[in-house]
Amino acid sequence: MSGFLGLDTSNYTTSAAYLAAGADKPVQAKQLLPVKAGEMGLRQSDAVFHHTRQLPEILERLTDSLAGGVAAVAASDRPQQVDGSYMPCFLVGAGAARQLGAVLGVPTYFFTHQQGHVMAALTGAECLSLRQEPFVAFHVSGGTTDALLVEPDESCIIRCRVVGHSLDLKAGQLIDRVGGLLGLPFPAGPALEQLALQATDTYRIKATLRGTDCHLSGVENQCRDLLTKGTPPAQVARFRLDSVGAAVEGMTQAVLAQYGDLPVVYAGGVMSNGILKQRLTDRFGGRFAPPMYSADNAAGIACLCRLAYEEGIR
């Protein structure tokens, strides 16, 4: 039996994944979008341009896997499962999926980028059975700091409802901005983590929360003040990570208090950070995917594609 192809063209990465029939995990290929030194991201028009150039090469890297045949194609076509959710960059992957589906004569499915992240985390953490019951997921990335109530849905496999979020700056934005202050390359996550590991002190931070929501914008100003006072860069990096950790920890506690003692899954590029993973695992026993399934990827979309096909969703 043929396999399943997933595409994801986010604001950061061009990615494709192929899940062979009977396989537990997909084979994937991906490439970051190019960002000029000193800049903190891309305009949507530039992201669309780079995806258009990169996606054919990404698919060519999967040539050997694709030789097994394609039973269905899927893509992420928008950020979230809410009315009005839209980003032009996702049109590249969605358009390519429609073309491939038409040419191959196979079903084409569309999911959200957020569904893909959650499913990639379930797959990478080897806890796919959680999709059959309600659970809490966190999607923490460059453009999102969301707490989600995830429930099974016959029409779309899983439905992700936002029940908490950052009211201002997103965790990934904070990482990249502080990384910029410290002269680190974009995206700054990996380099900031390595720098923070050199810190001699940790910080006990009281998160700024409003119910299940958080505020993060003040942390950037605090980091700037620390640098002005001559605080070593490693300590500034650690302060930033401890601040995000406190915010996600506080949100998790608030969401569980409101919705019950549900399993917790952490997804998104920020959640590949080892310092944050240790903190949240110790406190909540949260499930985490390996880094390759945490950062933007198409693995979750390929898994959703197989489930939709097998369950006869049209």
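Helix 1 (residues 44-60) lies across strand 1 (3-9), strand 2 and strand 3 and runs at about 25° to strand 2, where contact means heavy atoms within 4.5 Å, and where axes are lines fitted to C-alpha atoms, for helices over the stretch in contact, with angles from 0 to 180 degrees between N-to-C directions. The model is a predicted one, in which local features need pLDDT of at least 70 and side-chain atom pairs count only at pLDDT 80 or more, while totals for chains, interfaces and linings use all residues. Residues are numbered from 1 along each chain as its sequence is written, and side-chain values use heavy atoms, with hydrogens and water left out. Helices (H or I, at least four residues) and strands (E, at least two) are DSSP runs numbered from the N terminus.

**The sheet under helix 1**

- Strands 1 to 5 belong to an open sheet of 5 strands with the order 3-2-1-4-5 and mixed pairing, two strands being paired if DSSP finds at least two bridges between them.
- The edges of this sheet are strand 3 (27-32) and strand 5 (108-112), each of which pairs on one side only, and neighbouring strands are turned by 15° against each other on average, direction ignored.
- Strand 2 (residues 13-19) and strand 3 run antiparallel and are joined by 6 bridges, with Ala17 standing opposite Gln28 in strand 3.

**Strands 6, 7 and 8**

- Strand 6 and strand 7 run antiparallel with 6 bridges between them, and they form a hairpin with 4 residues between the two strands; Phe135 stands opposite Val150 in strand 7.
- Strand 7 is also joined to strand 8 (residues 157-165) by 8 bridges, again in an antiparallel arrangement, through a hairpin connection of 3 residues, and Glu151 stands opposite Arg159 in strand 8.
- Strand 7 is mostly covered, since 7 of its 9 residues are buried, where buried means under 20% relative accessible area, exposed over 50%, and partly exposed in between (1.4 Å probe, protein chains only).

**Helix 5 and the nonpolar cores**

- The buried residues of helix 5 (residues 171-181) are Ala171, Gly172, Leu174, Ile175, Asp176, Val178 and Gly179, and what covers them includes strand 6 (135-140), strand 7 (145-153), helix 6 (189-196), helix 7 (217-228) and helix 8 (233-259).
- Just after helix 5, Gly183 takes a positive phi of about 80°.
- The largest nonpolar core has 42 residues, and those with the most contacts inside it are Phe138, Leu182, Tyr266 and Met271; such a core is a set of buried Ala, Val, Leu, Ile, Met, Phe, Trp, Tyr and Cys residues joined through side-chain atoms within 4.5 Å.
- At least two residues of this core come from each of strand 6, strand 7, helix 5, helix 6, helix 7, helix 8, strand 11 (264-267) and helix 9 (274-284), and helix 8 gives the most, with 11 residues.
- Leu182 touches Leu192, Leu195, Leu227, Pro233, Val236 and Ala237, not counting residues up to four places away in sequence.
- Apart from the largest core lies another core, of 36 residues, among them Ala137, Ile157, Leu304 and Leu307.

**Cysteines**

- The count of disulfides comes to 0, a disulfide being a pair of cysteine sulfur atoms within 2.5 Å.
- Cys156 is buried at 11% relative accessibility, and its sulfur is 8.2 Å from the closest cysteine sulfur, in Cys160, which is too far for a bond.
- Cys305 is likewise in no disulfide, the nearest cysteine sulfur, that of Cys303, being 9.7 Å away, and Cys305 is buried with a relative accessible area of 0%.

**Salt bridges**

- A search of the whole structure finds 11 salt bridges, each a side-chain nitrogen of Lys or Arg within 4 Å of a carboxyl oxygen of Asp or Glu.
- The side chains of Asp46 and Arg43 form one of them at 3.2 Å, N to O, with Asp46 partly exposed at 25% relative accessibility and Arg43 exposed at 58%.
- Glu249 forms a salt bridge with Arg283, the closest N and O atoms being 2.8 Å apart, and this pair links distant parts of the chain, with Glu249 in helix 8 and Arg283 in helix 9, 34 residues apart.
- Glu249 counts as buried at 17% relative accessibility, whereas Arg283 counts as partly exposed at 39%.
- Salt bridges that share partners join Arg177, Glu220 and Arg224 into one network.
- Within that network, the side chains of Arg224 and Glu220 meet at 3.3 Å, N to O, and both residues lie in helix 7, 4 residues apart, about one turn of the helix.
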